[in-house]
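Subject: Handover of a structure

Dear colleague,

Please find below the structure that I am handing over to you. My notes on it come after the display.

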Amino acid sequence: MTDRTRPPTPAPSAEPVLQPVLGLLRRWWPVGAVAVLLAGAALASAHSSIGASRIPPAAENVPWVPEYPTVEPSPSIPIEPRDAGEATQAHIPQWVGTVAVALLGLAILAALGYLCWILIRGALRRTTRALPAQRARRTAEGTAREVVAALDAGLVELDDRDTDPRVAVIACWVRLEETAAAAGVPRLAGDTPTDLVSRLLQGDPAAGVPAIASTDVLAEFAYVYREARYATHPVNERTRDQARAALVRLRGELSAAVSS
């Protein structure tokens, strides 16, 4: 009863291609911002004042022009000395340059601080991921209660005569496997279908799971499960009754462990 159909192959996504580019942009854009700010500072210092030409000085030697009699004498052109020319060069107030330099310095410090924060956060994340996860040790009573709850749900499904016996038995075993995974029992590469649940009952010290029952009480239900899953002949009500009896026996042993 193995499903040999394969799910459709998903279309290739563009996210794996864009992720490295976005990572580089997030990591190096502060450096680019600092470079732009430094270039702006250099440009501002180069053009800190407005260049303007001075008024050309008056000529020192004025050619002699003969005077002709007129009705009204023309006014003579005053000759100004060289030092009398008024400078027209405009200067930016000193406080404007001071404020601009202060703002530029604050912007550079903010960009450098943000860059340092990104580098420190990345280092902390890598360190946190490298640390092994510490799983809290479970108690035998708590684990037994979870297994009893799974057995009760399986007994309810086995009592439903409208459910196919093969489906009901397999569903009961799947519940036990899910309980083992929730308890922290790892699934190993060479596990048989019954090894995971067996380690749940007999305990797994490496995973912090205590022993709650003997594996002998699981052998009967494991036999019924293998028959329901791999048998080619039809599964009848006799298999349902065998599974119910095995679950009741297992539940009784776990209930004794909880009460003690």
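The notes below move from the whole chain to a few selected places in it.

Please keep in mind throughout that this is a predicted model.

Overall build. The protein chain contains seven helices and zero strands. Read from the N terminus, its elements follow the order α-α-α-α-α-α-α. Of the 260 residues in the chain, 25% are buried. Among contacts with a separation of 6 or more, 67% join residues that stand 24 or more positions apart. The accessible surface of the chain amounts to about 18,800 Å², and carbon and sulfur atoms contribute 62% of that area.

The annotated segments and helix H2. The unreviewed UniProt entry carries the annotation "transmembrane region" for residues 28-47 and 95-120. In the model, residues 95-120 are 100% helix and 0% strand, and the C-alpha atoms at the two ends of this stretch lie 37 Å apart. A nonpolar surface patch of about 790 Å² is formed by Ile92, Trp95, Val96, Val99, Leu103, Leu106, Leu109 and Leu112. One of these patch residues, Leu106, belongs to helix H2, which spans residues 94-130. Leucine 106 has a relative accessible area of 54%; it is classed as exposed because this value is over the 50% cut-off.

A loop residue. Threonine 163 is found in the loop that links helix H3 (140-159) to helix H4 (165-182). Is threonine 163 buried or exposed? Its relative accessible area is 18%, and since buried means under 20%, threonine 163 is buried. Leaving aside residues up to four places away in sequence, threonine 163 touches Glu157, Ala168 and Arg240.

Helix H7. Glycine 252 sits in helix H7, which covers residues 237-259. With a relative accessibility of 42%, glycine 252 counts as partly exposed, because the value falls between the 20% and 50% cut-offs. Which distance separates the C-alpha atoms of glycine 252 and valine 148? They are 9.0 Å from each other, although the two residues are 104 residues apart along the chain.

In viewing the model, you may wish to begin with the patch that includes Leu106, then turn to threonine 163 in its loop, and finish with glycine 252 in helix H7.

With kind regards

Terms used: Residues numbered from 1 in each chain as written. Predicted model: local features only at pLDDT ≥ 70, side-chain atom pairs only at ≥ 80, totals over all residues. Heavy atoms only, no water. Helix = DSSP H or I, 4+ residues; strand = E, 2+ residues; numbered from the N terminus. Buried < 20%, exposed > 50% of the residue type's maximum accessible area, 1.4 Å probe, protein only. Contact = heavy atoms within 4.5 Å. Areas by Shrake-Rupley, 256 points an atom, 1.4 Å probe, with all protein chains shown as cover. UniProt positions renumbered as here; feature names shortened; annotations may be inferred. Patch = residues over 30% accessible without salt bridge, like charges linked within 9 Å, V, L, I, M, F, W, Y side chains within 5 Å. Salt bridge = Lys/Arg side-chain N within 4 Å of Asp/Glu carboxyl O.
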